[in-house]
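Colleague: Could you take a close look at one part for me, the way the helices pack against each other? Throw in the ligand surroundings at the end if there is room.

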Amino acid sequence: MSAAKSGFDIKLPRSLKAERRDDIAILSLNRPEKRNAVDDSTVAGIEAFFSELPETIKAVVLTGQGEHFCSGLDLNELTARDVGQAIAHSRSWHRAFERIEFGRAPVVAVLHGAVVGGGLEIAAACHIRVAERSAYYALPEGSRGIFVGGGGAVRLPRLIGSARMVDMMLTGRTYDAADGQGIGISHYLVAEGAGLSKGIELAQRIAGNAPMTNFAVTHVLPRIAESDPASGYLTEALMSAIAQDDDEAKARLKAFLEKRAPKTVRS
Ligand code: 1HE
């Protein structure tokens, strides 16, 4: 890996490009000639980027260069592995995508073109997904004789339900951007070419939240959602108490009560 000229002191492979805009980072999958197929060095670079993100970065936008967000696993790397190596490979994807999901800053994915296989697994690890009209979703693992290995078996059923994932894998069904929005893959559907600016706008809004709120939403909420209700209610009460005791929360509540903060209006 070589150090990228990016404003970040993080060594990234050529297949990743990072850019800094104030307190937002934009990380691009940057291998358009291979449709952003994810090889081992890209996975290592994703893990390094999200592990070493400076504290001054409050939100990340993840996007893909070229005509497609990501064509998934680099299939060239698949053929030479034995079972042990394949397990280690899958676990390396798990580690890297856990750094996206449970890292320091919320991540907004901007999707266009093919969002397939491992590309959909990356998107599922992000917190917010913005899709352009060209985006489409597929799990070609089914027809390639393999299985998901980048956390998709855990994250995708939570996102779209296991029945839909079973259909995508067994029959090769694809969802276009509008249908993907309908089943909950994307949160926002925008015109072609408008994804990055929407992603940055959302990232800026996220960056303006109290850090404790962003932590609670990205680290605590998913754990509560997966726990039994009794543990969930208790954890919620604890997190709620910790959040409201934070100086930032106190200042924001005071600002509202003194009519200095914006009201919650329809957007
Ligand atoms: C690739 C890959 C790749 C493109 N690995 N090289 N993913 C898939 O099964 C999807 C495979 N890719 C495609 O179906 C198509 O490439 C796309 C629909 C994404 C784009 O089509 P197109 O016409 O724009 O591009 P292309 O001509 O197919 O590809 C351009 C080049 O990228 C070409 O290489 P070239 O040397 O001939 O120029 C392709 O071979 C190369 N390329 N996609 C390697 N995926 C942890 S488990 C996760 C498991 C999975 O992700 S399985 C799903 C794999």
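Modeller: Here is a walk through the helix pairs, followed by the ligand. Keep in mind that this is a predicted model.

Let's begin with helix α1 (residues 40-51) and helix α2 (residues 83-101). Their axes come within 8 Å and cross at roughly 30°. With angles under 35 degrees counting as roughly parallel, α1 and α2 are therefore roughly parallel to each other. As for handedness, α1 passes α2 in a left-handed crossing. On the α1 side, the contact uses D40, V43, I46, E47, F50 and S51, and these meet H89, S92, W93, R95, A96, F97, R99 and I100 in α2. Sort the residues of this α1 and α2 contact by class and you get seven nonpolar, three polar and four charged.

Next up is helix α9 (residues 211-226) with α10, where the axes come within 11 Å and the crossing is at roughly 175°. Angles over 145 degrees count as roughly antiparallel, so α9 and α10 are roughly antiparallel to each other. From α9, the contact takes M212, F215, A216, V220 and I224, while α10 brings in G232, T235, E236, M239, I242 and A243. The class breakdown for α9 with α10 is eight nonpolar, two polar and one charged.

Now follow helix α10 (residues 229-245) on to helix α11 (residues 247-257): these two pack at an angle of about 70°, with their axes 5 Å apart. That falls in the 65 to 115 degree range, which makes α10 roughly perpendicular to α11. In this pair, A243, Q244 and D245 of α10 touch D247, A249 and K250 of α11. The α10 and α11 contact has two nonpolar, one polar and three charged residues. If you're clicking along, stop at A243: this α10 residue is in the contact with α9, and it also takes part in the one with α11.

And the ligand? It is surrounded by 23 residues, and K34, S71, L73, G118 and R144 are the closest. S71 also makes a polar contact through its backbone, where a polar atom sits 2.7 Å from a nitrogen atom of the ligand. Side chains join in too. For R35, an N or O atom of the side chain is 2.9 Å from an oxygen atom of the ligand. For H68, a polar side-chain atom lies 3.2 Å from an oxygen atom of the ligand.

Technical notes
Residues numbered from 1 in each chain as written. Predicted model: local features only at pLDDT ≥ 70, side-chain atom pairs only at ≥ 80, totals over all residues. Heavy atoms only, no water. Axes fitted to C-alpha atoms, helices over the stretch in contact; angles between N-to-C directions. Helix = DSSP H or I, 4+ residues; strand = E, 2+ residues; numbered from the N terminus. Left-handed = near helix turned anticlockwise from the far one by under 90°. Contact = heavy atoms within 4.5 Å. Nonpolar A, V, L, I, M, F, W, Y, C, P; charged D, E, K, R; others polar. Near = heavy atom within 4 Å. Polar contact = N/O pair within 3.5 Å; in protein donor to acceptor, adjacent residues only side chain to side chain.
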